[in-house]
Amino acid sequence: MLRRLIYPVPRWPGAEGLHIERAKGGAHLLHRPAPEGARTVAYLHGNGSDLASIGPLARLFASVGLGFAAVEYPGYGPAGRERISQPSILAAARDGLAHLFDGGLGRSETVLVGESLGSAVAAQLAAEGVLSGDDGQGRLVLISPFTSMTAMVRQVVRVFPRRLVPDRWETDRVVARITVPTLLVHGSRDGLVPPSMSEALAQQIPGARRVVIEGREHGNLWEAPSECLDVVVGFARA
């Protein structure tokens, strides 16, 4: 029952108009290669999105000359029949990134962007070292990140035993191992994930930069005019 609250999967409208690639391990992903010399945003979406709903975001990054790739989670979109869990989501994300790297994307050309739930996935992968290799190191962006899923559940149920949360997504326990350049972005009016959570995480990541977007909420950071887009693109190009 709690997993249904953690993962509110949207209705999948179908793959029409989407070019979906498959990784060796079966992960589904969208991929628009970058122009020569440009970096690629590898995007991990929030729990209320899927590959169909993030199409506009792919077009936004293409419009500013960056490549874009997005990995789908088990239980979502074209992977809707697969079982949702923290281990299965992490496995799909690793598989998707491996597919991109095997296809020639260098780590130094990669900007791993995780938003909301995706921030927990991205932070875990970065802590594991997937953004570092012989081909250099990538960059990490955490958008509207939370400290842990247990803390998020307790936003609703004030006293809730940690042992009852099936997928804990404890970002606060892994971020100290992140060594790549990191940017954190949060809307000042986020009523779902308190901005104090990204502040707490930023303090644990060496050299991290944190930007608070004034007046923006959890769900409208990308709406035009998007300071969030400007900040992420600037970080990707630096």
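Two exercises with worked solutions follow, both on a predicted model.

**Exercise 1.** Work out the order of the strands in the open sheet, and identify which of them are edge strands and which helices lie across β9 and β10.

*Solution.* Begin with the strand order: eight strands make up the open sheet, arranged as β1-β2-β4-β3-β5-β8-β9-β10, and their pairing is mixed. Next, look for strands that pair on one side only, a condition that picks out β1 (20-22) and β10 (209-213) as the edge strands. The angle between neighbouring strands of this sheet, with direction ignored, averages 25°. Then turn to the β10 edge, where β9 (residues 182-187) and β10 run parallel and are joined by five bridges; in one pairing with β10, H186 has V212 as its bridge partner. Finally, place the helices: α6 (residues 195-202) lies across β9 and β10 and runs at about 165° to β9, while α7 (residues 227-237) lies across β5 (110-115), β8 (139-143), β9 and β10, running at about 165° to β8.

**Exercise 2.** Describe the largest pocket by its volume, the residues nearest its centre, and the make-up of its lining.

*Solution.* Start with the volume, which is about 730 Å³ for the largest pocket. Its lining consists of 31 residues, and those nearest the centre are N47, G48, S116, L192 and H218. Sorting the lining residues by character gives 19 nonpolar, 10 polar and two charged. As a last step, assign the lining to helices: α1 (2-6), α2 (55-63) and α5 (149-156) each contribute at least two residues, and the largest share, five residues, belongs to α5.

Methods
Residues are numbered from 1 along each chain as its sequence is written. This is a predicted model: local features need pLDDT of at least 70, side-chain atom pairs count only at pLDDT 80 or more; totals for chains, interfaces and linings use all residues. Side-chain values use heavy atoms; hydrogens and water are left out. Two strands pair if DSSP finds at least two bridges between them. Helices (H or I, at least four residues) and strands (E, at least two) are DSSP runs, numbered from the N terminus. Axes are lines fitted to C-alpha atoms, for helices over the stretch in contact, and angles run from 0 to 180 degrees between N-to-C directions. Contact means heavy atoms within 4.5 Å. On a 1 Å grid over the protein atoms alone, a cavity is a set of points where a 1.4 Å probe fits but cannot get out, and a pocket is an open set with protein on both sides within 12 Å along at least five of seven lines; lining residues have an atom within 4 Å of a point. Grid points are joined across faces, edges and corners, and a volume is the space filled by probe spheres set on the points. Ala, Val, Leu, Ile, Met, Phe, Trp, Tyr, Cys and Pro count as nonpolar, Asp, Glu, Lys and Arg as charged, and the others, Gly among them, as polar.
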